[in-house]
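I opened this notebook to keep track of what I looked up in a structure that was new to me. The entries follow the order in which I went through it.

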Amino acid sequence: MVADWRATLDALSELEVIDAARVGYWGLSMGTMFGLPFVAAEPRILAAVLGKAGLTGSSVDRSGIAPHLREAAPRVTCPTYFHVQWDDERFDRYGSLFLFDQIAATEKELHTFPGLHAVMTPQALEGSVAFLARHLTA
């Protein structure tokens, strides 16, 4: 998947409407499960929003993704905003906190919100978008 997403980024970077010098990543839940390895491998990513994922929980048990996340997280060095749903029924909070801790970025933020996995408040969305805007327009 990393190769596919790199090819996509290469193609998008060719478009005049894309500023290839300011690339961010926003992906929660499966967007983190599949995107965290991409963020770890892609130096063009200047900032990332990740979360609603972790190293333990029913979604991890079904997918077997934990080893891939454990391997990739220490290679994420860009500024990272990490979103945790405190009452997540798919990823338990301790596994989410542990994944956050494994991210190697020197600038990383942990944001927790009450509610189940599918909950996304407007404030949570606004905060994550503001994080990317701050890092991509500086």
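The entries below go from the sheet to its crossovers, then to the aromatic rings and a few single residues.

**Entry 1: the sheet**

I noted before anything else that this is a predicted model. I then looked up how the strands are arranged, and I found that 4 strands form an open sheet in the order S1-S2-S3-S4, with parallel pairing. At the edges lie strand S1, residues 23-26, and strand S4, residues 108-113, each of which pairs on one side only. From one strand to the next the twist averages 10°. As background I wrote down that strands of a sheet pair through backbone hydrogen bonds, either parallel or antiparallel.

**Entry 2: strand S1 and its partner**

How many bridges join S1 to strand S2? I counted 4 of them between S1 and strand S2, which spans residues 45-51, and the two strands run parallel. Going through the partners by residue, I found Tyr-25 bridged to Ala-48 in S2, while Trp-26 has Val-49 as its bridge partner there. I also looked up the two faces of S1: Val-23 and Tyr-25 belong to the covered face, whereas Gly-24 and Trp-26 belong to the uncovered one. Following the chain onward, I saw that it crosses from S1 to S2 through helix H2, residues 30-41, in a β-α-β crossover that is right-handed.

**Entry 3: inside and just after helix H2**

I picked out Gly-35, which is found in helix H2, and I recorded it as buried because its relative accessible area is 0%, under the 20% limit. Leaving aside neighbours within four places in sequence, Gly-35 is in contact with Trp-5, Tyr-25 and Met-30. I also looked up a distance to strand S2's Ala-48, and the C-alpha atoms of Gly-35 and Ala-48 are separated by 9.6 Å, with their positions 13 residues apart along the chain.

Thr-32 is also found in helix H2, and with a relative accessible area of 0% it is buried. Not counting residues within four places in sequence, Thr-32 is in contact with several residues, including Gly-27, Leu-50, Gly-51 and Leu-69.

Is Glu-42 buried or exposed? I first placed Glu-42 in the loop between H2 and S2, and then read a relative accessible area of 4%, so Glu-42 counts as buried. Setting aside residues up to four places away in sequence, I found Glu-42 touching Arg-6 and Leu-9.

**Entry 4: the other end of the sheet**

I moved on to S3 and S4, which run parallel and are joined by 6 bridges. Across this pairing, Phe-82 stands opposite Leu-110 in S4. Together with H5, these two strands make a right-handed β-α-β unit. Helix H5, residues 93-102, packs on the sheet and touches strand S3 (80-85) as well as S4, and the direction of H5 makes about 165° with that of S4.

**Entry 5: aromatic rings**

I searched the whole structure for aromatic pairs and obtained 5. For Phe-82 and Phe-100, the ring centres are 5.9 Å apart and the planes are at 50°, so I entered the pair as tilted. Because Phe-82 lies in strand S3 and Phe-100 in helix H5, the pair ties together parts that are 18 residues apart in sequence. Phe-82 counts as buried at 0% relative accessibility, and Phe-100 is buried as well, with a relative accessible area of 13%.

What lies over the face of Phe-100? I found Lys-108 there, at 4.6 Å from the ring centre. Elsewhere in the search, ring pairs link Trp-5, Tyr-25 and Phe-38 into a cluster. I note that Trp-5 and Tyr-25 also came up in my list of contacts for Gly-35.

**Entry 6: a loop residue**

My last entry concerns Thr-106, which is found in the loop between H5 and S4. At 82% relative accessibility, Thr-106 counts as exposed, because the limit for that label is over 50%. I also looked up how far Thr-106 is from Val-76, 30 residues apart from it along the chain, and their C-alpha atoms are separated by 9.6 Å.

Methods. Residues are numbered from 1 along each chain as its sequence is written. This is a predicted model: local features need pLDDT of at least 70, side-chain atom pairs count only at pLDDT 80 or more; totals for chains, interfaces and linings use all residues. Side-chain values use heavy atoms; hydrogens and water are left out. Two strands pair if DSSP finds at least two bridges between them. Axes are lines fitted to C-alpha atoms, for helices over the stretch in contact, and angles run from 0 to 180 degrees between N-to-C directions. Contact means heavy atoms within 4.5 Å. Buried means under 20% relative accessible area, exposed over 50%, partly exposed in between (1.4 Å probe, protein chains only). A crossover is right-handed if, with the strands pointing away from the viewer, the path from the first strand over the helix to the second runs clockwise. Rings of Phe, Tyr and Trp (its six-membered ring) pair if their centres lie within 6.5 Å; planes under 30 degrees apart count as stacked, over 60 as edge-to-face and the rest as tilted. A charge sits over a ring if NZ of Lys or CZ of Arg is within 6 Å of the ring centre and within 35 degrees of the ring normal.
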